[in-house]
Structure formats: structure tokens, C-alpha cells
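Thanks for coming. I will go through one structure today, starting with single residues and ending with the chains as a whole. Please keep the sequence and the model open while I talk.

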Amino acid sequence: MEFDRQYEADTAGTPEQSSQPGRRLALEPAGSELYQNVRMLATVLAVLILVFTFVGRIIVVSGPSMENTLHNGDAMLVWSLGYTPKQGDVVVLTKRTYQEDSIVKRVIAVGGQTVDIDYATGTVYVDGAPLTEPYTKEPMLLPAYGEGLNHIVVPEGCLFVMGDNRNQSADSRYAPIGIVDARCVIGRAVLVLFPFGDFQIL
Amino acid sequence: MNRQDTASRWGWLVCSAVLAGGAVWLRRWQIDTAFEGDLNLPVAGAPATICLLCLMAIAAALLGILAMVQREAPLPRHLHRQGRRDLTQATGSGLHLALTLVAAALLLAAAPMLLQEGAGLWQAFRLSADKTGNNGILVILTGLSSVLAFVGVLVAGVAVFRGKQGGRSAMVMAAVNGCAWMMESYRGHAANPVQWDYVPLLLAVVLGMLLYLEWAALSVGKPRPRLLLWLAGMTIVFSAMAAAAHTTLSGNLMLAAQSVCAVAVLWYVPVNLANPPQQEEPEELEEQPEELEEHTEQPEQPAAQEPVEEMEPEADLQATKRWER
């Protein structure tokens with residue numbers, strides 16, 4: 001804007017003044033430094049928070065339910081923008097009827113698919129086909145609460161999720177969690193950022 | 001002040017009020033119809049949500065157009081270095097003082113509620129076994145910065161009322177409160193998959209924070225009056241939208257405070273922008289006549305040079321003024 005250019009020209013002073021740093025600082029009113037610092041802080045925070053809200057965020061894993069894929073304390077990048085859950089993805093979701101904090105699980109089946117779990121062989125069948133699951137920590141045992149949710153057809157718009165550490169995971173097999181609405185998903189875990197020793201693309 | 005300038009003030013206020021009213025109505029409609037189930041999950045393609053999104057876009061565009069067509073009188077060159085304090089000039093205005101006191105009081109009233117809430121969260125966090133969840137630190141920080149904002153708004157408002165040049169940059173402290181509040185709003189809803197539960201409040205907080213910063217920029221930064229007006233209108237609209245949902249009382253108080261500040265901006269800035277108030281020349285220029293008198297004493301001695309002497313003081317004065325610029 002012309003007004004802005006005029007403002008810049010007038011505050012710059014003469015060429016001799018501009019070349020003298022002390023002289024230029026003397027033209028700025030008191031409180032300017034505080035204002036500049038607060039402005040920078042506010043801008044950085046606003047951008048970060050808006051990016052975290054709409055695009056992606058960093059979430060720290062709590063608990064052992066996704067071992068050995070994710071460990072307690074791992075900071076992972078979670079992508080939210082335009083994401084639709086797919087089978088096999090590691091997702092972060094919140095089911096508020098279960099708990100207020102979010103949980104990290106793997107999508108085993110999406111809407112319309114059938115899930116059958118054979119605890120005798122520790123195999124999960126989706127639409128009758130056995131899943132190849134190299135990510136599980138150990139052979140799956142029957143949970144303490146029994147079979148829980150099993151032999152079900154996942155409704156449209158919903159997901160069946162399980163943790164990779166099958167014997168220490170509260171997931172869709174557990175009735176208080178059960179089938180999860182896809183709208184409860186915050187985003188997909190894309191990679192583990194740190195600790196650097198655990199860095200991996202998921 | 002002519003009728004056109006007064007009309008521009010009312011144009012801003014009426015436009016913002018109408019948009020805010022529409023936002024409140026649509027938000028209430030959305031809450032009643034666009035969420036379902038125990039988890040309150042959003043219904044895809046709900047008419048209320050679509051209408052609300054359209055209103056947000058219309059508000060941004062309409063207020064932007066108002067800002068672009070806002071009449072702006074050229075400012076005298078020698079006042080440029082002082083920023084644009086003149087835009088918020090309201091010396092002796094009882095209305096401005098009242099608005100300032102109300103905004104400051106609202107900020108102060110929010111502080112004890114926030115501190116109490118933060119203390120409760122901290123207690124619960126300390127007693128919890130797994131040490132997860134909200135520890136309340138950000139809530140306490142927001143409460144403390146709310147007191148800071150109270151001081152900042154009060155100092156800035158009193159400075160305007162008394163016609164003082166200094167003190168107006170204290171509005172920066174209100175922006176600091178906005179930073180803390182922004183972080184606390186996000187932290188409280190970081191695990192919430194339903195963005196509509198917290199995005200209107202987050203946007204209202206961000207807009208209010210930017211409004212305080214641009215207000216302070218009139219004194220200590222790069223003044224952008226049109227952006228200031230736009231932010232004031234948007235703050236009123238989004239604050240109303242956020243308050244229409246089930247926010248906490250402390251949150252509503254802070255939303256009300258920033259709305260009152262926005263109303264003050266819309267009341268004074270459009271008129272002052274079109275009619276810069278009469279200002280005295282700054283003190284540094286007032287000192288020059290004494291220095292010039294000392295210089296003019298010297299050439300008076302040689303009588304033969306009198307015709308030239310009469311011109312020299314003016315030439316010296318003009319040269320000095322050019323140097324000062």
C-alpha cells in the first residue's frame with residue numbers, strides 16, 4: 001500500500017541516519033522490543049496450533065499396547081488432514097465413552113468386513129482370509145475377560161482395531177471399547193520422530 | 001466529523017452485530033441438529049454446519065470489503081514517526097473509559113475462576129497414579145496472564161482517556177493472555193476428534209489475540225488500520241459464535257472482554273481514520289525555535305547584510321526541518 005511505503009520512507013530518516021544503527025534505534029518508541037517479541041511468539045504459537053489442529057500433530061505414546069511397533073514414550077507424527085482410515089493403518093482415536101485420552105491402535109477391519117479371531121491358533125481372519133501379521137509382539141492368547149467381541153460384521157463407517165501387543169491391549173475385543181466409529185479417529189500415525197533410536201516410518 | 005464518517009462507524013458495528021447474531025443462531029442450530037449419538041459425533045453434510053461455514057466465509061469477505069472501502073485521510077508527514085496513536089484517540093471520552101473499564105473488569109473476573117480450576121486439575125493430577133491427563137499448568141498460566149491483561153487494558157485505556165502518548169503499548173499484555181489462552185484451549189481439546197467442539201473457540205482466541213497486537217502496533221509497531229478494523233469485526237463474530245456453545249464461564253468472560261475491546265475499536269478508529277484528530281507538534285520540534293533564535297542572533301551584527309539576514313532564519317528553519325525529517 002502506498003501508505004505503508006510512505007510510512008517506511010518517513011521512518012527511515014535520511015541516508016546518513018539510516019547508516020547509523022544507534023540513530024535508527026532512537027527513532028523507535030519505547031515498548032517496541034517487547035511488542036516485537038510478543039508478536040513473534042504469538043505468530044509462531046498460532047501457526048503451530050492451527051497446523052496441529054487441522055493438518056497433523058505430534059503425539060507421545062503412553063503404554064505398551066502397540067509393542068513392538070511403538071514403545072512407551074515414542075513421539076510420533078500423526079497426520080489428520082483429509083485422512084480416511086484403511087485396513088492396516090496405525091491410528092490415533094478417542095472413544096470418549098471409554099476414556100478422555102486418545103489411544104493408538106491398528107485398524108484390522110473397516111466397515112462391511114467380517115472379523116473372526118481364532119485364539120487356538122492366534123490367527124485373525126478378515127472376510128474369511130487369514131491376516132499376515134508380522135507386527136504382533138507375541139502369539140495371541142485368550143484375554144482374561146474371555147473372547148469378547150468376535151465373529152462380527154463391522155458396520156459401515158466403523159472400524160475394528162487391535163493393539164500389536166495383543167496380550168496387553170484394550171481394543172475392539174474389549175466391550176467398553178468395541179467397534180469404533182471412524183469419526184473418532186484423530187489421524188494416522190505416519191512415523192516415529194524420537195527417540196532417534198526408534199525412528200521409523202509406519 | 002461528517003455524516004459519512006459517522007455512518008462508516010455504524011456500518012461496521014451493525015454489520016458485525018448482524019453477522020454475530022447470525023453466527024449465534026446457526027451455531028445453536030448446529031449444536032441441536034448436526035451431532036448425534038452418545039459421543040456427539042458430527043453428522044456429515046448437516047445443513048447447519050454448511051450454513052455456518054458459509055457465514056464464516058461471508059463474514060470474512062464482507063468485513064474485508066468494508067476495510068478496503070474504509071475512507072482514510074492522509075496523515076501529516078511529520079506525524080508518521082509517531083505511529084498511529086491518533087486512531088484510538090478518545091481524550092476525555094466517557095464512553096471509551098467505560099468500555100475500557102468493562103473489558104478490564106471482565107478479564108479480572110475470569111482470573112480467580114481460572115486459577116481455581118487450574119488448582120483443582122493440578123491436585124487431581126498429583127493424586128493420579130499414572131500422571132496422565134491435564135495437569136492444569138496452562139489453566140493457571142491463563143489465569144495469571146488474565147490479571148496481566150487486566151492491567152494492560154486498564155493502562156492503555158486510561159492513557160487514551162487522558163490523551164497521553166505513552167502507555168498505549170500496554171495492550172501487548174492482553175496479547176500475552178491470548179497466547180496462554182490459545183495454548184490452554186488447544187491442550188484441553190487435543191484428544192477431541194470432533195473439531196467443531198473447539199475450533200470456533202480457538203479461532204475466536206486467535207482473532208482476539210491478533211486484535212490486541214494490532215491495537216498495540218498503532219503505537220509501537222507497523223500500524224495497519226484496515227487490518228485492525230477487520231480483526232475487530234471478526235473478533236465480535238467469532239466470539240459470539242464460540243460463546244453460543246457450552247463454554248466455561250471464565251471463557252465467556254474473556255470472550256466478552258475482547259468483544260468489548262473490538263467494539264471500542266470499531267467506534268473510534270473508522271472516524272479517526274477518516275478525520276485525523278488535531279495534534280500538537282511533538283516536543284522535539286517545539287524545542288527548535290529556541291535553538292534557531294541562538295543561531296539567528298549571530299548574523300544580525302553586520303549592518304550591510306541586513307536584507308540577507310531576513311531571509312537566513314527562514315532558510316535555516318526550512319533546512320533544519322528537512323534535516324529532522
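S93(B) sits in the loop that joins α2 and α3 of chain B. Keep in mind that this is a predicted model, so every value I quote is computed from it. Is S93(B) buried or exposed? Its relative accessibility is 15%, and because the cut-off for buried is under 20%, S93(B) counts as buried.

What does the side chain of S93(B) pair with? There is a polar contact to the side chain of Y268(B), at 2.3 Å. A polar atom of the S93(B) side chain also lies 3.2 Å from the backbone nitrogen of H96(B). If we set aside residues up to four places away in sequence, S93(B) touches F161(B) and Y268(B). So Y268(B) turns up twice, once as a polar partner and once in the list of touching residues.

H96(B) leads on to the empty space inside the model. Rolling a probe the size of a water molecule over the atoms shows where empty space is left. How many cavities of 30 Å³ or more are there? The count is 3. The largest cavity holds about 110 Å³ of space. Its lining is made of 15 residues, and those closest to its centre are H96(B), T100(B), M171(B), W215(B) and A264(B).

Which helices supply that lining? In chain B, α3 (94-127), α4 (137-162) and α8 (249-274) each give at least two residues to the largest cavity. The biggest share comes from α8(B), with 5 residues. By residue type, the lining of the largest cavity has 11 nonpolar residues, 4 polar ones and no charged ones.

Now to another residue in chain B. L115(B) is in helix α3, one of the helices I just named for the cavity lining. L115(B) counts as partly exposed, because its relative accessibility is 30% and that class runs from 20% to 50%. Where does the chain come back to L115(B)? I140(B) is 25 residues away in sequence, yet the two C-alpha atoms are 5.0 Å apart. Leaving out residues up to four places away, L115(B) touches I140(B), G143(B) and L144(B).

Next, a pocket. The second largest pocket has a volume of about 750 Å³. There are 29 residues in its lining, and P42(B), P193(B), V194(B), Q195(B) and W196(B) are the ones nearest its centre. Which elements contribute at least two residues each? From chain A they are α4 (32-54) and β11 (185-194), and from chain B they are α2 (47-69) and α6 (199-220). That means both chains take part in the lining of this pocket. The lining divides into 19 nonpolar, 8 polar and 2 charged residues.

On to chain A, where I picked one residue, S80(A). It is in the loop between β2 (75-79) and β3 (90-93). S80(A) counts as buried because its relative accessibility, 14%, is under the 20% cut-off. Which backbone atom lies 3.1 Å from a polar atom of the S80(A) side chain? It is the backbone oxygen of I186(A). Beyond its neighbours within four places in sequence, S80(A) is in contact with F54(A), V55(A), G56(A), R57(A), I186(A) and G187(A). I186(A) therefore appears both as the backbone partner and among the contacts, because contact here means heavy atoms within 4.5 Å.

Last, the totals for the two chains. Chain B has 11 helices and 2 strands. Along the sequence, a helix comes first in chain B, then the two strands, then the other helices. Chain A has 4 helices and 12 strands.

How much of each chain is buried? For chain B it is 49% of 325 residues, and for chain A it is 41% of 202 residues. If we take contacts with a separation of 6 or more, residues 24 or more positions apart account for 77% of them in chain B and 59% in chain A.

The accessible surface is about 15100 Å² for chain B, with 62% of that belonging to carbon and sulfur atoms. For chain A the accessible surface is about 10200 Å², and carbon and sulfur atoms hold 60% of it.

Terms used. Residues numbered from 1 in each chain as written. Chains lettered and ligands numbered in written order. Predicted model: local features only at pLDDT ≥ 70, side-chain atom pairs only at ≥ 80, totals over all residues. Heavy atoms only, no water. Buried < 20%, exposed > 50% of the residue type's maximum accessible area, 1.4 Å probe, protein only. Areas by Shrake-Rupley, 256 points an atom, 1.4 Å probe, with all protein chains shown as cover. Polar contact = N/O pair within 3.5 Å; in protein donor to acceptor, adjacent residues only side chain to side chain. 1 Å grid on protein atoms, 1.4 Å probe; cavity = no way out; pocket = protein on both sides within 12 Å on 5 of 7 lines; lining within 4 Å. Points joined across faces, edges and corners; volume = space filled by probe spheres on them. Nonpolar A, V, L, I, M, F, W, Y, C, P; charged D, E, K, R; others polar.
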